[in-house]
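Please open the model in your viewer and keep the sequence panel visible. The tour below proceeds by selection, one stop at a time.

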Amino acid sequence: MSKVAIVTGGLGGLGTAMCKALMEQGRQAVAMDYNGLSQDVVDKWKADRKAEGLDIPVYLADVTSFESCAEAVKKIEAEVGPIEILVNNAGITRDAMFHKMTAEQWHAVMNTNLNSIFNMTKQVYDKMIERGWGRIVNISSVNGIKGQAGQSNYSATKSAIYGFTKSLAQECAKKGVTVNSISPGYIGTEMVRAIREDVLAKIVATIPVGRLGEPSEIARTVAFLTADDAGFVTGEDITVNGGLYFR
Ligand code: CAA
């Protein structure tokens, strides 16, 4: 039986590419996304995947709510199978210079980008440990490493992901469960295209590769970190940013 892989934010630009890459790798991807999405959006996404020959179930939940995540994961386990791979990809931006940032913008980003990681990982972790196999990949950002003016909230959550990843990786290394992160740079998704045109042009000019990244370039890294033979890679972060920032 194919191993089941949940991708949160599964219907978004990166999430869709991740679902496809996992399917190509012989996994049964499950896309989880926000329960505020309309049925039309879900149906279109599923139909688009079907047209590509991919049958990917979609489950809606609110990753900022522990109860909502618990309910969705329970359903997925009953209807699809045990969850052996989790990609914590759901994330939002509420960019503003700090002097203009509201408490609502701060907390929305904390809840969706950081608290979601607890809410989701907690649902699958114990069973991965019991089974002696699991792969957890947390999606951070180049801006969690270098910071970014206008993103004190977002960058704070993305840096926090490193601490979580490295700590949990130590706890479960002996149990066959790996925990890693990926730090994408600026990728050609809706999130990045929403940046004001003049600001984005200045950012792209600083990327040594000279272009935005492709979602498939992040998905490829997810496929690598979740592979059966990637069991010796844990507590690591892989940057995929076109040379924007080196560590
Ligand atoms: N460093 C220092 N100062 C900066 C700066 C920077 N990088 N960028 C702008 N400033 C300064 C400006 O020069 C300006 O100064 P003055 O007032 O003295 O002229 C001041 O900050 C205000 O700048 P803006 O006009 O841009 O302010 P705004 O309020 O209109 O917009 C903003 C603020 C929405 C945050 C906008 O600057 C912006 O979109 N910045 C880009 C943020 C960004 O990179 N987001 C990434 C989103 S994609 C993503 O997050 C995916 C991922 O993981 C990479």
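Begin by selecting M97, which is partly exposed, because its relative accessible area of 44% falls between the limits of 20% for buried and 50% for exposed. The model is a predicted one. M97 lies in the loop that links strand 4 (83–88) with helix 4 (103–131). Add A149 and G150 to the selection: leaving aside neighbours within four places in sequence, these are the residues in contact with M97. Then select Q151, whose C-alpha is 7.1 Å from that of M97, although 54 residues separate the two in sequence.

Next, display the strands. How are the 7 strands ordered in the open sheet? The order is 3-2-1-4-5-6-7, with parallel pairing. Strand 3 (58–61) and strand 7 (237–240) have a single partner strand each, so one side of each has no neighbour in the sheet. On average, neighbouring strands are turned by 20° against each other, direction ignored.

Now select strand 1 (residues 4–8) together with strand 4; the two run parallel and are joined by 4 bridges. Within this pair, A5 stands opposite I85 of strand 4.

Turn to the helices that meet the sheet. Helix 4 lies across strand 1, strand 2 (28–34), strand 4, strand 5 (134–139) and strand 6 (177–184), and runs at about 155° to strand 4. Helix 9 (residues 215–225) also packs on the sheet, where it touches strands 4, 5, 6 and 7. The direction of helix 9 makes about 165° with that of strand 6.

Finish with two side-chain pairs. Select K3 and W133: the charged end of K3 sits over the ring of W133, 4.2 Å from its centre. Then select R49 and W45, where the charged end of R49 sits over the W45 ring, 5.0 Å from its centre.

Terms used. Residues are numbered from 1 along each chain as its sequence is written. This is a predicted model: local features need pLDDT of at least 70, side-chain atom pairs count only at pLDDT 80 or more; totals for chains, interfaces and linings use all residues. Side-chain values use heavy atoms; hydrogens and water are left out. A charge sits over a ring if NZ of Lys or CZ of Arg is within 6 Å of the ring centre and within 35 degrees of the ring normal. Buried means under 20% relative accessible area, exposed over 50%, partly exposed in between (1.4 Å probe, protein chains only). Contact means heavy atoms within 4.5 Å. Two strands pair if DSSP finds at least two bridges between them. Axes are lines fitted to C-alpha atoms, for helices over the stretch in contact, and angles run from 0 to 180 degrees between N-to-C directions.
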